[in-house]
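Me: I would like to go through a model feature by feature. Please give the general idea each time, and then the case at hand.

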Amino acid sequence: MTDAPSPVRASRALIRFLRTETVGGTALLIAAFIALIWANSPWAGGYEALGEFKIGTDDWSVFGQSMHLKLTLADWAKDGLLAVFFFVAGLELKRELVVGELSTLRGAALPVICAVGGVVVPAALAFAIANNNPDIATAWAIPIATDIAFALGILALTGSRLPSGARVFLLGLAVVDDLIAIMVIAVLFAGALSLFWITVAAAGCAVYWFGQHRRITTPLLYLPVALIVWVAVLQSGVHATIAGVALGLLTRVKPDPDEHASPAERLEHRIQPVSALICVPIFAFFASGVAVNGAVFKEMFTDDLAIAIMVGLFFGKIIGISGASLLAVKLKLADRPEGLANRDILALSVLGAIGFTVSLLVAELALPAGEADLAKATVLFTSIAASVVGSLLLLRRGRVHADA
């Protein structure tokens, strides 16, 4: 007879379970599904009212500078909760660049080249298809992003028989892809910039860096500083999610000799489950609730901007990623991960077409409400299609590797 697990051991097991990409991707999908059902039900008005409900205040000021903190729930999810997601992305990016798979030239070469191909080709295709639509000036950025959590979740579910290099490649690809998307958001969607608030944000980042440099560990320093930086970036005209990225990149990733784990690793282990199971699903819930009926479905295949997003995201990602891989290997600029064949890279490139989180965010930032809804519906449809096709290809490649 075995002893019952202690509460501590059970808690640790639950946390490990919650950290898996599979659970994060599943939570994201469930939240999006609930939003779609609610937004297309007789109670759709309640969904819209919930998203537009405002919380906060506009009455505060600092040195005569007003602070606009009365936001809708949808905006709190977009500007607040996604900052947590981008903080985790920043931690992961910093770790990969300093001590991970992207820390060496040979290790970084293929994922970086493929990520660039997976951004340039979708953007180019979108431009080519909708070049006469004025909204393409910003909407070209919608199909360039890959959803890390969902793509890795699909790989964990259906690609377990592939060599371990498959996950390393996809993770590196998605991290670099997100870095490019973050830079695009910072540059393309910056509003009227406030020098005062940019200075406050920079000062907060300097304090955060100094705390890391001096090995200060108390959250009594970092939580207030992180909040100040987020508020300052929100008020500055730069998208608030950039605050999360900046702080993530400033976090120390190399442990000292007397440390069991680095601050970045500890923070990632603590915050990633919150990001995967709370922040990203809530954002997806508020971003995915678009009307999907026969008329909208028809418009996806007749509206030039919707077609541009669909073709750019699905075919652009596949062509850009797999084509860049073939070219890089042929020109001896990079090597494929051990055990992976060209057809494995092709299957993984389909997962690159899963846009979801960042693509939905860019759609909201790039387009007015009506156009944004159609764009988001197109992103959802294309991402689901990529999930299904990618899963089938991964299962097929898994059988090939198992029989080899």
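**Reading the features**

Reply: Start with a loop: Lys-332 sits between helix H14 (304–330) and helix H15 (342–351). Keep in mind that this is a predicted model.

Me: What is the sign of phi at Lys-332?

Reply: Lys-332 is not a glycine, yet its phi is positive, about 60°. As for its surroundings, Lys-332 counts as exposed because its relative accessibility is 70%, and exposed means over 50%.

Me: Where does Arg-215 lie, and what is its phi?

Reply: Arg-215 is in the loop that links helix H9 (195–213) to helix H10 (219–236). Its phi is near 65°, again a positive value in a residue other than glycine. With a relative accessible area of 38%, Arg-215 is partly exposed, since that class lies between the 20% and 50% limits.

Me: Next, the surface. Which residues form a nonpolar patch there?

Reply: A patch of this kind joins nonpolar side chains within 5 Å of each other, from residues with over 30% relative accessible area. Here the members are Ile-30, Phe-33, Ile-34 and Ile-37, and together they have about 400 Å² of accessible area. Phe-33 belongs to helix H2 (residues 21–39). At 53% relative accessibility, Phe-33 counts as exposed.

Me: And the interior: which residues touch the most other members of the largest nonpolar core?

Reply: A core is a set of buried nonpolar residues joined through side-chain atoms within 4.5 Å. The largest one has 121 residues, and Ile-142 and Leu-351 touch the most other members. Helix H8 (residues 165–188) supplies the largest share of this core, with 13 residues.

Me: What is Leu-351 in contact with, leaving aside its neighbours within four places in sequence?

Reply: The contacts of Leu-351 beyond those neighbours are Thr-146, Ala-151, Ile-154, Leu-155, Leu-170, Gly-390 and Leu-394.

Me: Last, the cysteines. How many disulfides does the structure hold?

Reply: A disulfide needs two cysteine sulfur atoms within 2.5 Å. The structure holds 0 disulfides.

Me: Why does Cys-279 have no bond to the closest cysteine?

Reply: The closest cysteine sulfur, in Cys-205, is 19 Å from the sulfur of Cys-279, so the two are too far apart for a bond.

Me: Is Cys-279 buried or exposed?

Reply: Cys-279 is buried, with a relative accessible area of 3%. Cys-114 also counts as buried, at 0% relative accessibility. The cut-off for buried is under 20%.

Key. Residues are numbered from 1 along each chain as its sequence is written. This is a predicted model: local features need pLDDT of at least 70, side-chain atom pairs count only at pLDDT 80 or more; totals for chains, interfaces and linings use all residues. Side-chain values use heavy atoms; hydrogens and water are left out. Helices (H or I, at least four residues) and strands (E, at least two) are DSSP runs, numbered from the N terminus. Buried means under 20% relative accessible area, exposed over 50%, partly exposed in between (1.4 Å probe, protein chains only). Patches are made of residues with over 30% relative accessible area and no salt bridge: like charges are joined within 9 Å, nonpolar side chains (Val, Leu, Ile, Met, Phe, Trp, Tyr) within 5 Å. Accessible areas come from the Shrake-Rupley method with a 1.4 Å probe; for residues, only the protein chains shown count as cover. A salt bridge is a side-chain nitrogen of Lys or Arg within 4 Å of a carboxyl oxygen of Asp or Glu. Contact means heavy atoms within 4.5 Å.
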